[in-house]
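Got your viewer open? Then let's take a walk through this protein, one selection at a time.

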Amino acid sequence: MTRVAKQKLLIVEDDIGLQSQLEWAFEAYDVIVASDRKAALSAVRNHKPAVVTLDLGLPPDADGATEGLATLREIVAISPETKVIVASGHEARESAQTAIALGAHDFYAKPINIADLGLIVARAFHIHALEAENQKTPRAASSANGIITGSAEMMEVLRTIDKVADAEATVMLLGASGTGKELLAKAIHTKSSRSRGNFVAINCAAIPDTLLEAELFGHERGAFTGAVKMTVGKIEMAQGGTLFLDEIGDVPAQTQVKLLRFLQERVIERIGGRKAIPVDTRVVTATHQDLATMMREGQFREDLYFRLAEIVVKVPTLAERDGDAVLLARHFLQLARDAKRTKAKGFTPDALAAIAEWPWTGNVRELENRVKRATIMADGAMITARDLDLGAAASPVKRAELRVARERADRLAIAEAIAANNGNLSAVARDLDISRPMLYDLMNSYGISKG
């Protein structure tokens, strides 16, 4: 049986007693220990750890932070992909903020709470692994679905997409605006046997009712004033591929009738034409509207709905995707860095807390726009909540402390792991990449039972 290599964790700590305590607590990892800057930098070069915990109070400045911050600068320069988590005293918050501005991934306060630190470390390993995977196969990840997620809610949607991709059934995506329905439609196309054909998308709400029919079905020359040449419609363009009809609820009644005929007979007639044209295309639709109510009120044909909704997939809002707002914010920032549009390295703790707690009524689209704005407005190396325009004055909801946001995510992760492993705590600890003693401590502190 092949043994999986442990992930490497570098602990930079000059207190021998604390070193031993941390080594025991992090037995799930391959732990390397360093007591000073020279040893730490040597360990980074030789072992290439994914995550580093760094005490800012290193000798010869054990009571200050100058040596620790200097060590941080060099680690970031040597290995920018490494996630550095810094430790500072409760009274040294300014040092922690400086460290974040220099490129530290996260921070924790002394005296150390082993359970809290364990989850911060586990999260850092998870993010490092995601980033490493994206670096290895950025094109494959993008062409597969383009969805960045770590949430159980969205992962369930992606599993459904995988199942239905090769079926010839029509798929309807239901979700609020900005939730990524077009990306999911592209994923269905890309994963299907029709991937070599065209993916043709049309937003039915963006085209006037009088022009939508011609846009979909095409027209012959002279069919109406201004029709100076024959034009192929979107349905024909999707021959052998996938037709994506976004905002299907906005299709007018007359066009609904023609769509229904196409779905039943798989033939179309261009406007002004008499020739039946067979078209072989997979149809995927999406809407944010309540079609059940529209059908009751006679605004949407029931027979058309059942033709379009052979498989219905409900897409969660960003607020329902636990942890994804922060993950996506970092992704959008990295895209800006790759395009040389910003020098910002990351987000300050107040920005991360604000991102995690914001309601995101505009969903992923709103988040992307906020991050774009922040890359323009940010003056320092780190993006703040003010840069994102997510300050307390602008917030419609009360902001929770970062610790509260972390605790909620941690409770959910532990509960899901216990359920997935049928209460086997050894398996739960392995899934969460923490030691069994640490798992027991967390369960006790959060009041989580095994069953």
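Below are a few stops, each with something to select and a note on what you'll find there.

**The whole thing**

Start with everything shown as a cartoon, and keep in mind that this is a predicted model. You're looking at 19 helices and 16 strands. Now colour by burial: of the 451 residues in the protein, 48% are buried. Contacts often bridge long stretches of chain, too. Among those between residues at least 6 apart in sequence, 68% join residues at least 24 apart.

**Stop 1: a five-stranded sheet**

Select strands S7, S10, S13, S6 and S14. In that order, they make up an open sheet with parallel pairing. The edges are S7 (199-203) and S14 (311-314), each of which pairs on one side only. Look along the sheet and you'll see some turning: on average, neighbouring strands are rotated by 20° against each other, direction ignored. As a bit of background, strands in a sheet pair through backbone hydrogen bonds, either parallel or antiparallel.

Zoom in on the S7 edge. S7 and S10 (residues 242-246) run parallel, paired over five bridges. Want one to click on? Isoleucine 202 has leucine 245 as its bridge partner in S10. Now show the side chains of S7. Which residues are on its covered face, and which on the uncovered one? Val200 and Ile202 are on the covered face, while Phe199, Ala201 and Asn203 are on the uncovered one.

Slide over to the other edge. Here S6 (residues 171-174) pairs with S14, again in the parallel sense, over four bridges. Leucine 174 is matched with lysine 314 of S14.

**Stop 2: a helix with two sides**

Next, select helix H2 (residues 37-47) and turn on its side chains. Its buried residues are Ala40, Leu41, Ala43 and Val44. They span an arc of only 160° around the axis, so they sit on the same side of H2. What do these buried residues pack against? Their neighbours are strand S1 (8-12), strand S2 and helix H3 (66-78). Spin the helix around, and the face turned away from the buried side shows you the exposed residues Lys38 and Asn46.

Keep going along the chain to lysine 48, in the loop between H2 and S3. Its phi is positive, about 50°, although it isn't a glycine. Is lysine 48 buried or exposed? With a relative accessible area of 64%, which is over the 50% cut-off, it counts as exposed.

Proline 49 is worth a click as well. Measure with your viewer's distance tool from its C-alpha to that of glutamate 81: they are 9.7 Å apart in space, with their positions 32 residues apart in sequence. Glutamate 81 is in the loop between H3 and strand S4 (83-89), and is partly exposed at 45% relative accessible area.

While you're around here, select proline 59 and proline 60. A cis peptide bond joins them, with omega about 10°. Proline 60 belongs to the loop between strand S3 (51-55) and H3.

**Stop 3: rings and charges**

Show the aromatic side chains. The whole structure has five aromatic pairs. Why does the pair of tyrosine 29 and phenylalanine 125 count as stacked? Their ring centres are 4.5 Å apart and the planes meet at 15°, under the 30 degrees needed, so this pair is stacked. The two come from distant parts of the chain, 96 residues apart: tyrosine 29 is in the loop between helix H1 (16-25) and strand S2 (30-34), and phenylalanine 125 is in helix H5 (residues 114-136). Both residues are buried. Add Phe26 to your selection, and you have a cluster of Phe26, Tyr29 and Phe125 linked by ring pairs.

Now for charges over rings. Lysine 258 has its charged end over the ring of phenylalanine 217, 4.7 Å from the centre. Arginine 266 does likewise over phenylalanine 262, at 5.3 Å.

**Stop 4: two buried residues**

Select aspartate 324, in helix H14 (residues 324-338). With 1% relative accessible area, aspartate 324 is buried. Leaving out residues up to four places away in sequence, it touches Ile148, Thr149, Gly150, Ser151, Met154 and Leu318.

Finish at asparagine 363, in helix H16 (residues 363-377). This residue is not a glycine, yet it has a positive phi near 60°. Asparagine 363 is buried, at 1% relative accessible area.

Methods
Residues are numbered from 1 along each chain as its sequence is written. This is a predicted model: local features need pLDDT of at least 70, side-chain atom pairs count only at pLDDT 80 or more; totals for chains, interfaces and linings use all residues. Side-chain values use heavy atoms; hydrogens and water are left out. Two strands pair if DSSP finds at least two bridges between them. Axes are lines fitted to C-alpha atoms, for helices over the stretch in contact, and angles run from 0 to 180 degrees between N-to-C directions. Rings of Phe, Tyr and Trp (its six-membered ring) pair if their centres lie within 6.5 Å; planes under 30 degrees apart count as stacked, over 60 as edge-to-face and the rest as tilted. Buried means under 20% relative accessible area, exposed over 50%, partly exposed in between (1.4 Å probe, protein chains only). A charge sits over a ring if NZ of Lys or CZ of Arg is within 6 Å of the ring centre and within 35 degrees of the ring normal. Contact means heavy atoms within 4.5 Å. The arc is that of the directions from the helix axis to the C-beta atoms.
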